[in-house]
Amino acid sequence: MILEAIKEAIETGLGLDAAIYPQAAKTGTAHIELLYKGIAAAGEAKGNPAPNASETISFAAFFRTDGTGTKWLAETIKHERMLTFLETEYLPVFITVPGGKAELRLYWSRQDKGAFEYPSIDDGGMPVSYAAKFELNMTYPAHLLDGEE
């Protein structure tokens, strides 16, 4: 439930494909690759296995896009602008709970400035890739993850 909700929030909120690895991704389009980093007890839940305990899930996230030309670069800049906005805000993640939906907050923190990656001449030298690394964190009631399949 939580993992699919995170993917859905990225796909609908940012208009980018999202893949939680290990999983294949559409590498020809702008996308976010999510690598699970771990969970930690949060707030009063530290050392408290109570049913209402909270935990924080963390991911390394890589924004990647491949292409050439000014149209591709303009699209990359637009996506980067949305990701930069999330550094001071959050991406809402909606989860179905008994009685409706709950909003959780996915916080983004940039880990590097982003860089262009150039393929070797042996590989044709194109397309160029752009990659930027973020860390994502979201705190949620621990029992919500128990329903994951």
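This is a short tour of the predicted model above, stop by stop.

Before you start clicking, note that residues are numbered from 1 along each chain as its sequence is written. Because the model is predicted, local features need pLDDT of at least 70, side-chain atom pairs count only at pLDDT 80 or more, and totals for chains, interfaces and linings use all residues, while side-chain values use heavy atoms, leaving out hydrogens and water.

**Whole chain.** Switch to cartoon view and you'll find 2 helices and 7 strands, in the order α-β-β-β-α-β-β-β-β along the sequence. Helices (H or I, at least four residues) and strands (E, at least two) are DSSP runs, numbered from the N terminus. Of the 149 residues, 37% are buried; buried means under 20% relative accessible area, exposed over 50%, and partly exposed in between (1.4 Å probe, protein chains only). Turn on the surface: the chain exposes about 8700 Å², with carbon and sulfur atoms supplying 56% of it. Those areas come from the Shrake-Rupley method with a 1.4 Å probe, and for residues only the protein chains shown count as cover.

**Helix α1.** Select residues 2–14, a helix of 13 residues. Its buried residues are Ile 2, Ala 5, Ile 6, Lys 7, Ala 9, Ile 10 and Leu 14. Just after α1 comes Gly 15, with a positive phi near 70°.

**Thr 56.** Jump to strand β3 (residues 54–67), where Thr 56 sits. Thr 56 is buried because its relative accessible area is 17%. Show its side chain together with that of Thr 139, and you'll see a polar contact of 2.7 Å. A polar contact is a pair of N or O atoms within 3.5 Å; within protein, one must be able to donate a hydrogen and the other to accept it, and residues adjacent in sequence count only if both atoms are side-chain atoms.

**Glu 80.** Next, go to helix α2 (residues 69–85) and pick Glu 80. Is Glu 80 buried or exposed? At 14% relative accessibility, Glu 80 counts as buried. Its side chain makes a polar contact of 3.3 Å with that of Tyr 130. Leaving aside residues up to four places away in sequence, Glu 80 touches Phe 63, Arg 110, Lys 113, Tyr 130 and Ala 132, where contact means heavy atoms within 4.5 Å.

**Salt bridges.** There are 6 salt bridges here, each a side-chain nitrogen of Lys or Arg within 4 Å of a carboxyl oxygen of Asp or Glu. Try these:

- Glu 135 and Lys 37 meet at 2.9 Å, N to O. Glu 135 lies in strand β7 (residues 128–141) and Lys 37 in strand β2 (residues 31–42), so the pair ties together parts 98 residues apart in sequence.
- Glu 75 and Lys 78 have their closest N and O atoms 3.5 Å apart. Both lie in α2, 3 residues apart, about one turn of the helix.
- Glu 87 and Arg 110 meet at 3.2 Å, N to O. This pair links distant parts of the chain: Glu 87 is in the loop between α2 and β4, and Arg 110 is in strand β5 (residues 100–110), 23 residues apart.
- Glu 33, Arg 64 and Glu 117 are joined into one network by salt bridges that share partners.

**Last stop.** Color Leu 73, Ile 77, Phe 116 and Tyr 118 on the surface: they make a nonpolar patch of about 400 Å². Patches are made of residues with over 30% relative accessible area and no salt bridge, joining like charges within 9 Å and nonpolar side chains (Val, Leu, Ile, Met, Phe, Trp, Tyr) within 5 Å. Leu 73 belongs to helix α2 and is partly exposed, at 34% relative accessible area.

Conventions:
Expected span 1.5 Å × (residues − 1).
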